[in-house]
Amino acid sequence: MEDENKVTLHGMWISSYAKKVELALKIKGITFDYVEEDLSNKSSLLVKYNPVYKKVPVLLHRGRPVSESLVILEYIDETWKNQPRFLPEDPNERARVRFWATYCLQISDIMKKAFISAQEVDKDRAFDEFFEKLQVMEEGMRDFFPGERSNICSENMGLLDIIIVGSLGTYKAAEEVLGMKILDPEKNPFIYSWVNTLLEMPLVKRTLPPHDKVVSRLEFIKQNGFTFQTNI
């Protein structure tokens, strides 16, 4: 029975997508094995379990793989129904959470594209789009969460908390490498406060990669012009 319920996460330490899933498993108190993947030399198991995209994360449960971070997060919440529940019971509220979760992932992808753009014109255009969409999310989250998100703990974290800290949790490293503000407490006070509240949580600190290690990796990516398929 123990082997039948075995959970294994295939991830990569720098992958924000994999870190979201890792955090979700820890929040739910799920015991799991972790397999570190090298995306420059993909394992046969990764290709087998995710033959379409050949990317992390992949969650293996009862011998069956689930891929794509947002799909995996919902799978975890539907399979392990203990608290906290990541999605609300009300269908309309659940749909709104899914909408903003998808929107946040789009913002994260735009930032990554901007970071690795070789041409300055493309980089400037991508960052303009990033800041524009970030402002839309700032206003949307103020409406979605009346008041500040200052009472978050591992017992009440939801899908949006996992998505936002997974997507923007290493923003300080990006700011250091780029020499520019990613989150501005004056322009984006709600998101800035929200992300930094989450970053102070012990569980989040134990899950996200060390700041200096992220800086070193981002410097390498910046200098070597990795493609977007790097899956960071």
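Helices are taken as DSSP runs of H or I with at least four residues, numbered from the N terminus. On this basis, the predicted model was examined for its second largest pocket, for helix α4 and for the segment that precedes this helix.

The second largest pocket holds about 220 Å³ of space. Its lining is formed by Gly 169, Thr 170, Tyr 171, Lys 172, Ala 173, Leu 199, Val 204, Lys 205, Leu 208, Pro 209 and His 211. Two elements, α7 (171-178) and α9 (202-207), each give two or more residues to this lining. The largest share, three residues, is contributed by α7. By residue class, the lining comprises six nonpolar, three polar and two charged residues.

According to an unreviewed UniProt entry, residues 5-84 carry the annotation "domain: GST N-terminal". Helix accounts for 38% of the chain over residues 5-84 and strand for 21%, and the end C-alpha atoms of this stretch are separated by 20 Å.

Gln 83 occupies the loop between α3 (69-79) and α4. With a relative accessible area of 59%, Gln 83 is classed as exposed, because the cut-off for this class is over 50%. A polar atom of the Gln 83 side chain lies 3.4 Å from the backbone nitrogen of Arg 85. Gln 83 and Val 21 are 62 residues apart in sequence, with a C-alpha to C-alpha distance of 16 Å.

Helix α4 covers residues 91-116. At its start, a side-chain oxygen of Asp 90 comes within 3.1 Å of the backbone nitrogen of Asn 92. For the 26 residues of α4, a span of 38 Å is expected at 1.5 Å a residue, and the end C-alpha atoms are 38 Å apart, in agreement with that expectation.

How values were computed. Residues are numbered from 1 along each chain as its sequence is written. This is a predicted model: local features need pLDDT of at least 70, side-chain atom pairs count only at pLDDT 80 or more; totals for chains, interfaces and linings use all residues. Side-chain values use heavy atoms; hydrogens and water are left out. On a 1 Å grid over the protein atoms alone, a cavity is a set of points where a 1.4 Å probe fits but cannot get out, and a pocket is an open set with protein on both sides within 12 Å along at least five of seven lines; lining residues have an atom within 4 Å of a point. Grid points are joined across faces, edges and corners, and a volume is the space filled by probe spheres set on the points. Ala, Val, Leu, Ile, Met, Phe, Trp, Tyr, Cys and Pro count as nonpolar, Asp, Glu, Lys and Arg as charged, and the others, Gly among them, as polar. The expected span of a helix is 1.5 Å times one less than its number of residues. A polar contact is a pair of N or O atoms within 3.5 Å; within protein, one must be able to donate a hydrogen and the other to accept it, and residues adjacent in sequence count only if both atoms are side-chain atoms. UniProt positions are given in the numbering used here, feature names are shortened, and annotations may be inferred rather than shown by experiment. Buried means under 20% relative accessible area, exposed over 50%, partly exposed in between (1.4 Å probe, protein chains only).
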